[in-house]
Amino acid sequence: MKAGKNEMKKMKLHVLHTGTVIVDEALPFHRDTDGFLDWTGLFRSKKHRIALPVSVYLIEHPKGLILIDTGWHTDNRKHQMKNLKFQWIANKADLLDGQAVHEQLARLGFQPEDLDMVLLSHLHCDHADGLRHVKNAKKIMVSQEEWDSANKDKIKYLHHEWKGVDVQTFQLKESGHGPFGKSFDVFGDGTVEFIWI
């Protein structure tokens, strides 16, 4: 995200930790020494498992309330294997009471319908599973590239996570920002940019 200096003074950022994801260390690190299936954790000792924070970001901006990503759904507290399906082999959720996105919003005095925009960095389960908790936000958006990729791929993505949710897409434009030089101008005025990395 990039914001103008005057807007930056008026913004407030909340980092909300929405549980953890437990994965084999090969999944996030992609080392040359890792075997073909090591990222799944199959046939590997538990000593290779690591717990990583699952965080979402709430931005209070003068032009609107923006949520970046949604974290885990509360279904994972009791029915994790049913919710994460085959991905449960590689991604295990740990979500304590009070950590889900809608629970944390309520603690800050917000309801999902108060959100002007939910921006999704991508649609992997630890980023998009909580979408159903915030489906009443005014606008839910993801890049067209990610939307197309996710809707074609039935292995890396869990389509039920956005079923019944009105997800709109945005076009990334050449901006010179970030490693790929593309971004999305959130308010169309240059004050906040969602940079593709």
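**Exercise 1. Place Arg-132 and describe its surroundings.**

Step 1: location. Arg-132 sits in the loop between helix H5 (125-128) and S7. Helices (H or I, at least four residues) and strands (E, at least two) are DSSP runs, numbered from the N terminus. The model is predicted: local features need pLDDT of at least 70, side-chain atom pairs count only at pLDDT 80 or more, and totals for chains, interfaces and linings use all residues. Residues are numbered from 1 along each chain as its sequence is written, and side-chain values use heavy atoms, with hydrogens and water left out.

Step 2: exposure. Arg-132 has a relative accessible area of 22%, so it is partly exposed. The cut-offs: buried is under 20% relative accessible area, exposed is over 50%, and partly exposed is in between (1.4 Å probe, protein chains only).

Step 3: contacts. Leaving aside neighbours within four places in sequence, Arg-132 is in contact with His-73, Asp-75, Asn-83, His-160, Glu-161 and Val-165. Contact means heavy atoms within 4.5 Å. Thr-74 is 58 residues away along the chain, and its C-alpha atom is separated from that of Arg-132 by 9.9 Å.

Step 4: a polar partner. The side chains of Arg-132 and Asp-129 make a polar contact (3.2 Å). Such a contact is a pair of N or O atoms within 3.5 Å; within protein, one must be able to donate a hydrogen and the other to accept it, and residues adjacent in sequence count only if both atoms are side-chain atoms.

**Exercise 2. Is Asp-24 buried or exposed, and what does it touch?**

Step 1: location. Asp-24 belongs to strand S2 (residues 12-24).

Step 2: exposure. Its relative accessible area is 3%, so Asp-24 is buried.

Step 3: contacts. Not counting residues up to four places away in sequence, Asp-24 touches Asp-38, Trp-39, Gly-41, Arg-44, His-48 and Arg-49. With Arg-44 there is a side-chain polar contact of 2.8 Å.

**Exercise 3. Trace the salt-bridge network that includes Asp-24.**

Step 1: the rule. A salt bridge is a side-chain nitrogen of Lys or Arg within 4 Å of a carboxyl oxygen of Asp or Glu. The whole structure has eleven.

Step 2: the members. Asp-24, Glu-25, Arg-31, Asp-34, Asp-38 and Arg-44 are linked.

Step 3: bridges of Arg-31. Arg-31 meets Glu-25 (3.6 Å, N to O). Arg-31 also meets Asp-34 (3.0 Å, N to O). Arg-31 is partly exposed, at 33% relative accessibility. Asp-34 counts as buried, at 18%.

Step 4: the Asp-38 bridge. The closest N and O atoms of Asp-38 and Arg-44 are 3.3 Å apart. Both residues are buried.

**Exercise 4. Which residues of the largest nonpolar core touch the most other members?**

Step 1: the rule. A nonpolar core is a set of buried Ala, Val, Leu, Ile, Met, Phe, Trp, Tyr and Cys residues joined through side-chain atoms within 4.5 Å.

Step 2: the residues. The largest core has 23 residues, and Leu-58, Leu-67, Leu-115, Val-118, Leu-123 and Ile-140 touch the most other members. The elements giving two or more residues to this core are S3, strand S4 (64-68), helix H4 (101-107), strand S6 (117-120) and strand S7 (140-143).

Step 3: one member. Not counting residues up to four places away in sequence, Val-118 touches Leu-67, Thr-70, Val-134, Ala-137, Lys-139, Ile-140 and Met-141.
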